[in-house]
There are 2 protein chains.
Amino acid sequence: MVKKSSTTPCCFGARLRQARERAGLAQDKLGVLIGLDEGCSSARISRYETGVHEPPFETARKLAQVLGVSVTYFYCEDDWLADLVLRLTALTPAQRVELAAWLDLRRGVI
Amino acid sequence: MVKKSSTTPCCFGARLRQARERAGLAQDKLGVLIGLDEGCSSARISRYETGVHEPPFETARKLAQVLGVSVTYFYCEDDWLADLVLRLTALTPAQRVELAAWLDLRRGVI
DNA sequence: TATCAACTCTACGAAAAACGTAGACTCTAG
DNA sequence: CTAGAGTCTACGTTTTTCGTAGAGTTGATA
């Protein structure tokens with residue numbers, strides 16, 4: 001049987017694996033934390049990470065919450081945007097206002 | 001029969017409708033543009049927008065491409081992030097570098 | 001008003017996908 | 001080698017989306 005090791009498959013699975021490994025959680029532990037039965041927990045997470053199955057959005061949201069990332073992160077195709085989403089959601093309200101102003105300077109927006 | 005008019009239902013559907021109406025496309029026209037059969041085109045899009053069904057990611061990607069937005073946009077829960085994703089993906093490579101530097105100033109990253 | 005056309009929504013059975021179960025595979029520690 | 005932790009997948013079942021067909025809604029025009 002061919003093993004994928006830690007090479008990232010497609011979009012959703014790759015982000016999920018990244019976030020899970022950053023959190024230092026095993027697949028079955030993560031599954032239990034979002035309310036999955038212990039008996040099938042690792043199977044579910046494994047299929048999400050390898051791209052065999054795609055979870056409904058509600059499941060993705062629970063995963064994001066437990067892993068401490070925005071659910072949007074899971075749906076970022078390129079690494080640049082993924083990284084940005086992580087950093088942006090960590091900004092304070094004041095910094096968000098600053099950022100909006102910064103963007104306004106660079107483009108003729110409103 | 002109760003009509004939802006143009007009130008936005010849940011996350012994915014709301015974003016899709018926003019993007020489609022911005023593009024000035026009818027549901028059936030949009031469906032055809034992503035390769036759906038004419039006969040069921042509006043039914044599919046309607047169910048996505050009202051949140052009755054959730055499309056596979058590959059379908060979402062096609063919709064995003066036709067509508068000229070990042071697929072990530074469809075999976076933004078709050079309006080602030082959604083708006084930001086739209087504007088960020090429109091940045092030039094040079095502006096992206098600038099933005100990264102700007103963010104570095106505001107947080108002890110790397 | 002009546003009627004037409006454009007647009008949107010939804011009930012139904014068929015088709016496709018994810019689901020839980022159970023067990024195999026890989027790797028590392030003792 | 002053995003045990004255990006972690007990951008993956010074939011199987012049959014359940015749940016979901018799918019295409020079809022047609023009804024509801026709105027606005028314009030005669």
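Trainee: Which residues is Thr59(A) in contact with, leaving aside its neighbours within four places in sequence?

Mentor: This is a predicted model. In it, Thr59(A) is in contact with Ile34(A), Arg44(A) and Tyr48(A). Each has heavy atoms within 4.5 Å of Thr59(A), which is what earns the word contact.

Trainee: Why is Thr59(A) called buried?

Mentor: Its relative accessible area is 11%. The cut-off for buried is under 20%. Therefore Thr59(A) counts as buried. The residue sits in helix 4 of chain A.

Trainee: What makes Ser41(A) buried?

Mentor: Ser41(A) has 0% relative accessibility. That is under 20%, so the label holds. Ser41(A) belongs to helix 3 of chain A. Beyond its neighbours within four places, it touches Gln27(A), Asp28(A), Gly31(A), Val32(A) and Leu36(A).

Trainee: How do you know whether Leu33(A) is buried or exposed?

Mentor: Take the value, 51%. Exposed requires over 50%. Leu33(A) is therefore exposed. It is part of helix 2, residues 27–33, of chain A.

Trainee: Which residues does Leu33(A) contact, leaving aside its neighbours within four places in sequence?

Mentor: Leu25(A) and Val66(A). As for Phe74(A), 41 residues away along the chain, its C-alpha atom is separated from that of Leu33(A) by 18 Å.

Trainee: Why is Leu25(A) called partly exposed?

Mentor: Leu25(A) comes out at 22% relative accessibility. Buried needs under 20%, exposed over 50%. The value falls in between, so Leu25(A) is partly exposed. It lies in the loop between helix 1 and helix 2 of chain A.

Trainee: Which residues is Leu25(A) in contact with, leaving aside its neighbours within four places in sequence?

Mentor: Arg20(A), Leu30(A), Leu33(A) and Leu67(A). Leu67(A) is 42 residues away along the chain, yet the two C-alpha atoms are separated by 9.1 Å.

Trainee: What is the secondary structure of chain A?

Mentor: Six helices and zero strands. Buried residues account for 40% of its 110 residues. Among its contacts between residues at least 6 apart in sequence, 46% join residues at least 24 apart. The chain exposes about 5,900 Å², with 55% of that from carbon and sulfur atoms.

Trainee: What makes a set of residues a nonpolar core?

Mentor: The members are buried nonpolar residues such as Phe, Tyr and Leu, joined through side-chain atoms within 4.5 Å. The largest one here has 46 residues. Phe74(A), Tyr75(A), Phe74(B) and Tyr75(B) have the most contacts inside it. Elements giving two or more residues to this core are helices 1, 3, 4 and 5 of chain A and helices 1, 3, 4 and 5 of chain B. Apart from it lies another core, of twelve residues, including Leu84(A), Leu99(A), Leu84(B) and Leu103(B).

Trainee: Which residues does Tyr75(B) contact, leaving aside its neighbours within four places in sequence?

Mentor: Chain A supplies Phe57(A), Val71(A), Thr72(A) and Tyr75(A). Chain B supplies Cys11(B), Phe12(B), Phe57(B) and Ala60(B).

Trainee: What do the buried residues of helix 5 of chain B pack against?

Mentor: Helix 5 and helix 6 of chain A, together with helix 1 and helix 6 of chain B. Those buried residues are Leu81(B), Ala82(B), Leu84(B), Val85(B), Arg87(B) and Leu88(B). At the start of the helix, a side-chain oxygen of Asp78(B) comes within 3.1 Å of the backbone nitrogen of Trp80(B).

Trainee: How do you know that Arg47(B) makes a polar contact with a base of DNA strand C?

Mentor: A polar side-chain atom of Arg47(B) is 3.3 Å from a base nitrogen of strand C. The limit is 3.5 Å between N or O atoms, so the pair qualifies.

Trainee: Which side chains lie 3.0 Å from a phosphate oxygen of DNA strand C?

Mentor: An N or O atom in the side chain of Tyr48(A) does. One in the side chain of Arg20(B) does too.

Trainee: What makes up the surface near DNA strand C?

Mentor: Eight nonpolar, five polar and eight charged residues. Helix 3 of chain B gives the largest share, five residues. Among the residues that come nearest are Arg44(A) and Gln27(B). Of the strand's atoms within 4 Å of the protein, 65% belong to sugar or phosphate.

Conventions
Residues numbered from 1 in each chain as written. Chains lettered and ligands numbered in written order. Predicted model: local features only at pLDDT ≥ 70, side-chain atom pairs only at ≥ 80, totals over all residues. Heavy atoms only, no water. Buried < 20%, exposed > 50% of the residue type's maximum accessible area, 1.4 Å probe, protein only. Helix = DSSP H or I, 4+ residues; strand = E, 2+ residues; numbered from the N terminus. Near = heavy atom within 4 Å. Polar contact = N/O pair within 3.5 Å; in protein donor to acceptor, adjacent residues only side chain to side chain. Nonpolar A, V, L, I, M, F, W, Y, C, P; charged D, E, K, R; others polar. Areas by Shrake-Rupley, 256 points an atom, 1.4 Å probe, with all protein chains shown as cover.
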